[in-house]
Structure formats: structure tokens, C-alpha cells
Amino acid sequence: MSFLDIQEVRKAYGAQLVVHEFNLPIAQGEFVSFLGPSGCGKTTMLRMVAGFETPSAGRIRIGDEDVTHLRPNQRNIGMVFQAYALFPNMTVAQNVAFGLKIAGKPKAEIDARVAEMLGIIKLPQLGARYPYQLSGGQQQRVALARALAPKPKVLLLDEPLSALDAKIRVSLRDEIRSLQRALGITTIFVTHDQEEALSISDRIVVMNEGRIEQVGTPFEVYNFPRTRFVASFVGTLNLLRGKVLDAASGRIEVDGQQIFAGRGIADLKTGEIRSAALRPEAVTLAATSSADRNVMHGTIDEVHFLGAVIRIRVRFKDNLISLDTFNNPNIPPPVRGSAATVSFAREDVMVLEGAEAA
Ligand SMILES: Nc1ncnc2c1ncn2[C@@H]1O[C@H](COP(=O)(O)OP(=O)(O)OP(=O)(O)O)[C@@H](O)[C@H]1O
């Protein structure tokens, strides 16, 4: 049975419905991300789990308790916000002690727990400092320690990394995940950053305009997107505009060249214009022709050297394909404007739902 259950939850502000029918059972110890663009309702949904907002309809259960109408402090939840949410006039130790003090724990127990938490977040020496004397990453670790000190049943993270710079963001992300695993605490993480969601989650809930578009593991959501929105929001995607030449076999014409699609061809109609999606890592810069591979001829349009990976953009007549190759110091990257042949498996070409006007 699920540990945290969101059942048919809706939220309206006046006439505007910002969360539609949200259903999500979450297992004990699971790490679930709410992923979506700004304004899709992910924070609102998180705030309803926290108790800062009341659903217009539906129920939320934690353990065997219906918490839908409980106040935040009655829900036994720990929460970390975007940034700058520590009490500025309290020391690190006082911040971490805060929830325990409110709960009326004895001083000796509070002191022991604060020391333990500061050790867990690897800041054992900084208890006497004030938040302004800490880096952004350290502040967020203290916020995490403050949230976890009272041993909450659920941890809610509202874009806790978004104010930090790239390096710290990645290292703190890994720390959060290993801490969460060690404690086995059920966690919801809100983010608009797809890479962050892919790297940290057991499951991702992709949201768009107040609705769940797809729920799945990072592997499922990335490789088997159910909608065009999910396909383009999660990861980088090449979209090729083409005309269906033969619906039965998935044969499509793109800029005068013929390719075959391997997925999503069940509902194709000959003659219609469709978008075919292709991930950059599915494309090779070489003509490895075989029965189950497509080959296209174009020109090198752009070369981005990213370090370990080189992202190359190939232009056809109207369409572009980006592809990734690994850096190799013995092979210089291709030159802009030179001829390029690319190949990719039929199975990796996925025709997305929704016909386009010709
Ligand atoms: N208190 C409120 N009153 C009226 N409308 C609100 C309120 N809070 C949020 N909204 C609206 O609800 C919608 C969803 O907002 P929400 O903050 O949940 O989105 P989000 O996906 O978390 O986006 P962001 O990443 O920008 O925070 C938005 O259109 C927002 O303007």
C-alpha cells in the first residue's frame, strides 16, 4: 500500500483551475519529483501536501491518517524552500533546533540531535555561525538539517537547488539523494529542471497546465514519452517535419529524403504531415547502412564543443538534426559547412501524436 496518497485533488483560485484531478500514490521511502514549466501547478500541489493550501476537492493521506484538513504543523512534514529561508537572527544550531524546541523536547535531547544533524550534513563545526556567514550551499544543507531534525514522515523540497551555482547544485543534489536513501524518508521534490529530475528521482511526475502528463521512472519518461509535451520537455529532442508516404510501413519523406519510423506509426495516414522525434544520442555521424537503419545526407551547420561531449547540428533543407559524439583527442570535430551523412535506427524514430496541417 502507498504511504502518501494524493487522491483526486483539485485546486481552483477563483475561476482558474490550477490543479486538475491529481492522483498519485507514493510508496514509503520513494523519491518523487514534480517536473514541469513555470506555472504548471507543481508548487501549488506541494503546498497542499504541506498544508499551506487547502484542496478545492480530493483527499491527501499520509500513513493511515487523512491530513487533508490538518494544519502544516500537525502533519509531521519537513520542508526545504528555494533559498534564504533560514531564520537570519538565529545561529545554525538554533535553526536546526527550532522544530524540536517547538515540539517541547528536553534540552539534552535537542543538543544531541542538533550535533547529530550537523554531523550528517558535514558541518559539525559551524553550529555557532549565523546564516549570513555561510555559503548558499551550506545554508541549504542547514535548511535540510532543520527540516529533518524532528524526524518527519515526509520531506518536501521546493526547488531547493535553483539558487545555487552549477557545481554546488550537482554535489548537493547527490548529497540530498544519498541522505534521503540513508534515512529512507518519503520525499517529494519540485523542479523545473529536467536533468535534475532525471538524475535524482525514483519516479517523475511530468506536469503541464495543472495536469499530470506522465508518471514514470526517469528511464520510462525519457525513452517512452507518452505525449509530445513530455517528449520535448524531458531531454533534447530533434523534431523532423515530414510527409507520410506509406502509413503501413512508416515510410516518411523529410526534405526530399526517405526514412522509416519505428514507433508511433499505428495511427499514421498516408499523405499527412507529422513530426518525427529523434534523440541526439540515437544519431551517428556515419553512413552505417543496414535494413533497420535510416541514412540522411546534409551539411554540418554548427559544432558545440562541450568537453566530454561534442554536440553537432546537421542541416538538411528545412530540418535540423542535433547529435552527440564523445570527444576524442585524436579525431578533430567536423568543420562547419562540410558534407555530413548521419544514420539512426528506425526504432529510434518516434512519430508523435497529433497531425499537423499540411
Ligand atoms: N495564491 C494564489 N492565487 C491565485 N493564483 C495563484 C496563487 N498561487 C498560484 N496561483 C496560480 O496558479 C498557477 C500555478 O502556480 P504554481 O506556483 O503552482 O506553479 P509552478 O509550477 O510551481 O510554477 P513556478 O515554478 O513558477 O513556481 C499559476 O498560474 C499561478 O499564477
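The following paragraphs go through the overall build of this predicted model, its domains and the surroundings of its ligand.

The protein has 358 residues, of which 36% are buried. Its C-alpha trace spans about 75 × 50 × 35 Å along the principal axes. The secondary structure consists of eight helices and 20 strands. Among contacts with a separation of 6 or more, 66% are between residues 24 or more positions apart.

The domain assignment divides the protein into domain 1, residues 4–232, and domain 2, residues 237–351. Taken over C-alpha atoms, the centres of domain 1 and domain 2 are 39 Å apart. UniProt, in an unreviewed entry, lists residues 4–234 under "domain: ABC transporter". Over residues 4–234, helix accounts for 36% of the chain and strand for 26%. The C-alpha atoms at the two ends of residues 4–234 are separated by 25 Å.

The ligand comes next. Which residues are around the ligand? Tyr 13 and Val 18 are on the list, as are Gly 36, the run Ser 38, Gly 39, Cys 40, Gly 41, Lys 42, Thr 43 and Thr 44, and finally His 192. Helix H1, which covers residues 42–50, supplies the largest share of this shell, with three residues. By class, the shell around the ligand holds seven polar residues, three nonpolar residues and one charged residue.

Conventions: Residues numbered from 1 in each chain as written. Predicted model: local features only at pLDDT ≥ 70, side-chain atom pairs only at ≥ 80, totals over all residues. Domains from an automatic or database assignment. Near = placed C-beta within 6 Å. Helix = DSSP H or I, 4+ residues; strand = E, 2+ residues; numbered from the N terminus. Nonpolar A, V, L, I, M, F, W, Y, C, P; charged D, E, K, R; others polar. UniProt positions renumbered as here; feature names shortened; annotations may be inferred. Buried ≥ 20, exposed ≤ 12 C-beta atoms within 10 Å, placed from the backbone. Contact = placed C-beta atoms within 7 Å.
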